[in-house]
Amino acid sequence: MVFHVLTLFPEMIREGMNYSIMKRAMEAGALHLNPVNIRDYTIDKHNKVDDYPYGGGAGMLMQAQPVYDAYKAVEATCSKRPRVIFLTPQGKTFNQSMAREFAAEEELVFLCGHYEGIDERVLEEIVTDEVSIGDYVLTGGELPAMVMMDTIARLIPGVLNNEDSAQDESFAGNLLEYPQYTRPEVWMDKLVPAVLLSGHHANIEKWRLEKSIERTRNKRPDLYQKYEEETARDRSKKLK
Ligand code: 9D3
């Protein structure tokens, strides 16, 4: 999979993605990252990429031309017209099912805005998807793009090894993870739950599922409701 990122801060993207699992996936060739500096495509003699908004108002806008030319340079390297994800507070809120959908693509283009925004005309021309990561105000789209890439990357075959397994975890089945413990058996007078030391695998599985359910009900009642609805639907499917 190839992630192209159109940004004024390509080093921020390169730096942020160069750790742990993402770094390993890139070294293994499962993932390729292509940060593109929009400023490299300016035709302005002073390398300017922004200007004042028509009609007045605070701040500066990114101009259409450098953004468009940066996109066209990326598109020329793609085998088909790629999805172009514009990171914007106005987008649909990112979630795991969107991540699964994007993970099916061969290449993705992320467009990160800065300043007060981007000239609407280039957005109309190139953007296929608008995505936000939640209702809070950041200074630009770079961190949201990295959040999306991290989420999508771990769904790509060959990115996670079995130990990191993406299967039986939070949000897959609308349940939070059960509590986990490692050595020592006693820490600050607190014991590891006895069932985990019993070696009885069926009991351990049962305990973990119970804890997952209990946790979800207490910490994330919204998820718990989805879990209940879906398990109810699964039960009625089985009866048919
Ligand atoms: C100063 C302009 N703001 C008017 C109220 C709107 C605005 C535009 C762009 C506010 C913040 C930003 C920068 N944020 C993003 O580009 C962004 C973002 C976010 O701030 N929160 C959650 N998801 C995202 S995706 C991109």
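**Exercise 1. Sort the shell around the ligand by residue class, then find where it comes from.**

Start with the classes: the shell holds eight nonpolar, six polar and one charged residues. Here Ala, Val, Leu, Ile, Met, Phe, Trp, Tyr, Cys and Pro count as nonpolar, Asp, Glu, Lys and Arg as charged, and the others, Gly among them, as polar.

Before going on, a word on what you're looking at. This is a predicted model, in which local features need pLDDT of at least 70 and side-chain atom pairs count only at pLDDT 80 or more, while totals for chains, interfaces and linings use all residues. Residues are numbered from 1 along each chain as its sequence is written, and side-chain values use heavy atoms, with hydrogens and water left out.

Next, pick out the nearest residues. Of the 15 around the ligand, Glu116, Ile133, Gly134, Tyr136 and Leu138 come nearest; being near takes a heavy atom within 4 Å.

Finally, look at the strands (DSSP runs of E, at least two residues, numbered from the N terminus). Strand E5 (83-93) and strand E7 (129-132) each give the shell at least two residues. E5 has the largest share, with three.

**Exercise 2. Track down ligand atoms that pair with polar protein atoms.**

Look for N or O atoms within 3.5 Å of each other. Begin with the backbone: a polar atom of Tyr136 sits 2.8 Å from a ligand nitrogen. Then move to Leu138, where a polar backbone atom is 2.8 Å from a ligand oxygen. Now try a side chain: Ser132 places a polar atom 3.4 Å from a ligand nitrogen. As for cover, the ligand alone exposes 570 Å², and the protein buries 68% of that (areas by the Shrake-Rupley method with a 1.4 Å probe).

**Exercise 3. Place Ala103 and list its contacts from farther along the chain.**

First, find helix H4 (residues 96-103), which includes Ala103. A helix is a DSSP run of H or I, at least four residues. Second, skip neighbours within four places in sequence: Ala103 then touches Met1, Ile152 and Leu155, where contact means heavy atoms within 4.5 Å. Third, check Met149: its C-alpha atom is 9.3 Å from that of Ala103, though the two are 46 residues apart along the chain.

**Exercise 4. Check two backbone angles.**

Go to the loop between helix H6 (142-153) and strand E8 (186-187), home of Pro184. The peptide bond from Arg183 to Pro184 is cis, with omega near 5°. Then step to Met188, in the loop between E8 and strand E9 (190-191). Its phi is near 50°, a positive value in a residue other than glycine.

Notes: A polar contact is a pair of N or O atoms within 3.5 Å; within protein, one must be able to donate a hydrogen and the other to accept it, and residues adjacent in sequence count only if both atoms are side-chain atoms.
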